[in-house]
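Hi,

Here is the structure I said I would pass along. Have a look at it first, and my notes follow underneath.

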Amino acid sequence: INERLTAQINKMKLKDNTSKVLSKEDLDIVFEDEHIVVINKPAGVLCVPGKGEGFSLSQFVFDNVEGVTLPKPDMMVVHRLGFDTTGLMVFSKTMKSLRGMNVRFRTREVDRTYEALLVGHVAEDSGKIDMPLMRCLMYPPFIRVSTNNAQCAIVKSRLRPDEDIGRKYLEEPKGSITEYKVLSREELHGLPVTRVELLSLSGRTHQLNVHCAAFGHPIVGDTTYGIDGEAGPHGGLTVEEAETLMPNPNRASLELQQQMRDAHGDGGMYVHAKSIEFDHPIDKRIEISLDCDAPF
């Protein structure tokens, strides 16, 4: 596991170094007051400094937003979006608002919805994906759907003297629920896709990506959890396991997934943090409700 993890971290460093450098004209402020600022994050940008030396959004906001009293840029960050994810991201400007926003997120008082394009046409107009998640032993440091076999593999690895399993891999599987609603069924590159609204009820790392892949409709442009990605296919499951855990006769075929991967190329991942709602971190009587259109 250590060799696989080291190899993957080196790949991640290389990707981090490709983080786009933004100019002040790229700063898209959706909301701002003396306590917080909400940015429309572009794709291809790190939220915080990563494993390489790439440009980070936190430093950019720290340098270009007025009235920030926090001593370091990373302290402004109260939640993150993935490197390729676009959309609404909240930054704190003061210590008091930082504490307030941390409480909002910790107690799950922040409602966030995402918009995504999924490969294939989803059959049902709405539904729920309920699958626990865990660290993936075969493809560290990524996430997978938890199964008894996967948990047994971790137990067996602990018994091997040549394996040093990190603490995160020994954590209990985390319950994870994603709700989806179909907005439209479309075509992209002449291939079927579904535009959906996604709501993460549990907010786990990479939850939307893993759940959509296990559901049989990976996010368009997902080069980590999609077909031939860096992580295990189908959310870490075999096709048989995926069908047993989440029956879906309309799941996108492997042929369709490969066609989309080839046609889309380096077109980016189509997932966008579309809306966010929360009580203001200083005055709970003020409700902040923001929307931002997807760029795809």
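How many helices and strands are there in the protein? The count is seven helices and 11 strands. Keep in mind that this is a predicted model.

On overall shape, the C-alpha trace spans about 55 × 50 × 35 Å along its principal axes. The radius of gyration is 20 Å, which agrees with a compact globule, because a chain of 296 residues folded that way would come out near 19 Å. Buried residues account for 49% of the 296. If you take the contacts between residues at least 6 apart in sequence, 69% of them join residues at least 24 apart.

As for the surface, about 14,800 Å² is accessible, and carbon and sulfur atoms hold 49% of that. The protein has 35 positive and 43 negative charges, and the mean positions of the two sets lie 7 Å apart.

I also looked at one residue in detail, Pro 173. You'll find Pro 173 in the loop that runs between helix H4 (148-158) and strand S8 (177-188). Is Pro 173 buried or exposed? Neither, quite: its relative accessibility is 25%, so Pro 173 counts as partly exposed, given that buried means under 20% and exposed over 50%.

Which residues does Pro 173 touch, apart from its neighbours within four places in sequence? Its contacts there are Pro 132, Leu 133, Ser 146 and Gln 151. Met 131 sits 42 residues from Pro 173 in sequence, yet their C-alpha atoms are 9.7 Å apart in space.

Cheers

Notes:
Residues numbered from 1 in each chain as written. Predicted model: local features only at pLDDT ≥ 70, side-chain atom pairs only at ≥ 80, totals over all residues. Heavy atoms only, no water. Helix = DSSP H or I, 4+ residues; strand = E, 2+ residues; numbered from the N terminus. Rg over C-alpha atoms; globule rule 2.2 N^0.38 Å. Buried < 20%, exposed > 50% of the residue type's maximum accessible area, 1.4 Å probe, protein only. Contact = heavy atoms within 4.5 Å. Areas by Shrake-Rupley, 256 points an atom, 1.4 Å probe, with all protein chains shown as cover. Lys, Arg positive; Asp, Glu negative; His and termini not counted. Charge placed at Lys NZ, Arg CZ, Asp CG, Glu CD.
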